Each structure stands twice: as C-alpha cells, then as structure tokens.
Amino acid sequence: MLSPRPPRNVVLTYGRRAVLLWLILAVLTACSRITPLVGSEGASAAILGTDATPATAPPEASTPPAFNASRAMQYVKEIVAFGPRPIGSENHRKVERYILGHLKGDAVEEDNFEISTSEGRFPVDNIIAKFPGPRGGIVIIASHYDTNWPLRHTAYVGANDGASSSALLLEIANQLRGKKRTGYSVWLLWDDAEESIKVPWDDASALYGVRHLAEKWQGDGTLKKIRAFLLEDMIGDADLNIERVTDSTSWLEDLVYQAATRLGYQSHFFAREMYVGDDHQPFLKLSVPAVDLIDFNYGYNNVFWHTPQDTIDKLSPKSLAIVGTVTLETVHLLDER
Ligand SMILES: [Zn+2]
C-alpha cells in the first residue's frame, strides 16, 4: 500500500514535475502572455508565477522538506513496544530515556517537577531539544508522550495518541541536526502529563507539563521570544484529516494551510472545524500564537480514541510524512515572514 521510502519518492516526483513545468513555461512564454495553467495556490502556481514572468530558477519552495517517514514509523513502533506509559510508571521512565537517547549531542533542557493530583504525586519531565537559528525568536514544535492514566491497566499504548507525534518530533530532530539554520531557533518539546487524570476530561487535571512550562517561560522571559507554538497530536491516522481547531491562532493556521498547499497536501487539512482542549491552550492563554494540528476523527466517529484499539496498524508512514513536511514547511514560511 505504501512505499517503504516515501520521502525519497516524494522528492523525486516533485523534482520531475518542476522540470516539466519549467519546460512548459519556457515554451508558453515564448508564444504569448499566458494565464496560469493552475490555480493561484500551490507549488505549481509558485513555479509558473501569476503573471507569466519567467523566473531564473525554480523557487526554493519547489523542494519539499526532507523527512524520512519509514524511520519515523520505526520510532512509533519502538515507543509503542514499551507498552502503556502513564505518568509515574516504569515504562514512562523508559520512554523518557528513549527520547533522550535520540538527542545525544543536541542542546537538551529537561524541565523536571512534581505534581500533586487526586491520584497521588507524580514526577513530570518536559524534554526540550534546541536547534538555534540566527534570527531572534523561537518556534516551538510540541507533542505529549505520556499515555492516558485511566487506561493504565489496559493494553492501551496510544500509538496515535502520543506515540505518533513524539516519533514525528524525533524525525524532525534528525532533519534539523547538523544543518545551519537561517531563521528562527526551533525548539522541539516532548511534553509530559498531558492526559487527564480524571474521566471525563478535566482541564484542571490535565496539561500539567505545558501549564508548568508556559508559566516558567513567562517568568524567565522566554515566552515573549516564542513566535509560534505548533502542537502535533494524533497525526498518524492512515485516514488523515487535520482539523481546523476553533481557538487556534487563525493567521498561523492559514500559514499551515499555505505550507500544505505548496506541498500538494491541502486536502488533508482543515475540512472540518471543531473545538479541542489540548496542549496549545496554556500558551494561547498567554498570547503566544499557537495551532493544534490534530486529527480528531480516528476511526469512524473517533471510535479508536482512548481505547486499547489505538494501535499501530491504524497508522501510516504517509501521514507522518505529510504532517512532518508540512510542519517543516510552516517553519520555513515563518522564517520568511
Ligand atoms: Zn489522549
């Protein structure tokens, strides 16, 4: 069903299309002033331009960001293989070490603290990997890595809910590592204790990691340097449809859509609009532009969400590639702003 090496295939296909369009442009420009052959959005339009003005070289956006989807999928498998990873558990500690083990040599900060909950006291560990850029300002890409506490005695492994996005960030780290950034600093955040201790969801018993970090960064001045907070959650579903989340920052959602359109992935974004309580909110409340990239229709009527059926067979490396490259392209657009 899927190519074992989707990113490479994507790059090649894209490259061939760019060359073909370049030839068409050359012929048409020689004949007459042309009307764009494609819509005003998308990579094709970017290559042709809107007024038939020949460019000297295909624009940078014609090459999608690199992203190794099969490697990202392998990370999902490895995280899921630890089993349920609710806060306070040994599996949770193993996943912490697993994430840190992939960040050796990177600039890593850990935000450790304890929370007091109705279920007892638990250690919480936010992990931040920092990739500096020359431009003043920070772009945060975040994912929670804990699994649902009320399901701790079941086989629930959160393949989509927690593992897919945490794996996505590990692969984004691979793409950022060792490359000189030209724009903002990018900080990858594996945040902890996102899931609500109580059922049904209770805001006061959830989002512990980001609430702590948002407050800490407000206190030490980091918060005002954050230009965008991009949250990834439940992004591995093979049937990928990212929601337009009602309280997300609209200009930033528009930028994500622009990035998706450049890459030809816009049909996977924002067909539905809904409210979702999630890790973007503590930052939004402190006026940080934030988006929640989440597919909250996981199986018909979201039936697999928070059930032991949230397993890896429902996921696709293609979905990881789509969200991974659109995220990186969004960072590129932020850098250009
Ligand atoms: Zn969840």
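Right, let's start with the layout: this chain folds into 9 helices and 8 strands. Keep in mind that we are looking at a predicted model. The mean pLDDT of the chain is 85, and 82% of the residues reach 70 or more. Now look at residues 1–60. Their pLDDT is below 50. Beyond near neighbours in sequence, that stretch has 65 contacts in the model.

Next, the chain as a whole. It has 337 residues, and 45% of them are buried. Take the contacts with a separation of 6 or more. Residues 24 or more positions apart account for 77% of those.

On to the core. The largest nonpolar core holds 83 residues. Which residues have the most contacts inside it? They are Val76, Val139, Ile140 and Phe229. Helix α9, residues 317–336, supplies the largest share of this core, with 8 residues.

Let's stay with Val76 for a moment. Leave aside its neighbours within four places in sequence. Val76 is then in contact with Ala159, Ala163, Ser164 and Ala167. Gly236, Ile312 and Leu315 are also on its contact list.

Back to α9. This helix has 20 residues. From its first C-alpha to its last it reaches 28 Å, close to the 28 Å expected at 1.5 Å a residue. Why do we call α9 largely enclosed by the rest of the structure? Because 16 of its 20 residues are buried.

Now helix α6, residues 208–220. It has 13 residues. It reaches 19 Å from first C-alpha to last, close to the 18 Å expected. Its buried residues are Tyr208, Gly209, Val210, Arg211, His212, Leu213, Ala214 and Trp217. What covers them? The cover includes four strands: β1 (107–117), β2 (120–131), β3 (135–144) and β4 (184–191). Helix α8, residues 281–285, is also part of that cover. Right after α6 comes Gly221, whose phi is positive, near 90 degrees.

One of those covering strands deserves a stop. Asp125 lies in strand β2. Buried or exposed? Asp125 counts as buried, because it has 22 C-beta neighbours inside 10 Å and the cut-off is 20 or more. Not counting residues up to four places away in sequence, Asp125 touches Glu96, Glu110, Asn112 and Asp192. Then there is Trp190. Asp125 and Trp190 are 65 residues apart in sequence, yet 8.6 Å apart in space, C-alpha to C-alpha.

Next, a pair of strands. β6 covers residues 242–245, and β7 covers residues 269–274. They pair in the parallel sense over 3 bridges. Ile242 stands opposite Phe269 in β7. Add helix α7, residues 250–262, and you get a right-handed β-α-β unit.

Last stop: follow the chain past β7. Gly277 is found in the loop between β7 and α8. Gly277 is partly exposed, because it has 15 other C-beta atoms within 10 Å. That count falls between the limits, 12 or fewer for exposed and 20 or more for buried. Which residues does Gly277 contact, leaving aside its neighbours within four places in sequence? Trp201 and Asp203. Gly277 and Trp201 are 76 residues apart in sequence and 9.0 Å apart in space, C-alpha to C-alpha.

To wrap up, two things to take away. The largest share of the largest nonpolar core comes from α9. And residues 1–60 have pLDDT below 50. Thanks, that's it from me.

Definitions and conventions:
Residues numbered from 1 in each chain as written. Predicted model: local features only at pLDDT ≥ 70, side-chain atom pairs only at ≥ 80, totals over all residues. Helix = DSSP H or I, 4+ residues; strand = E, 2+ residues; numbered from the N terminus. Expected span 1.5 Å × (residues − 1). Contact = placed C-beta atoms within 7 Å. Core = buried A, V, L, I, M, F, W, Y, C linked by C-beta atoms within 7 Å. Pairing = 2+ DSSP bridges. Right-handed = clockwise from strand over helix to strand, strands pointing away. pLDDT = per-residue confidence, 0-100.
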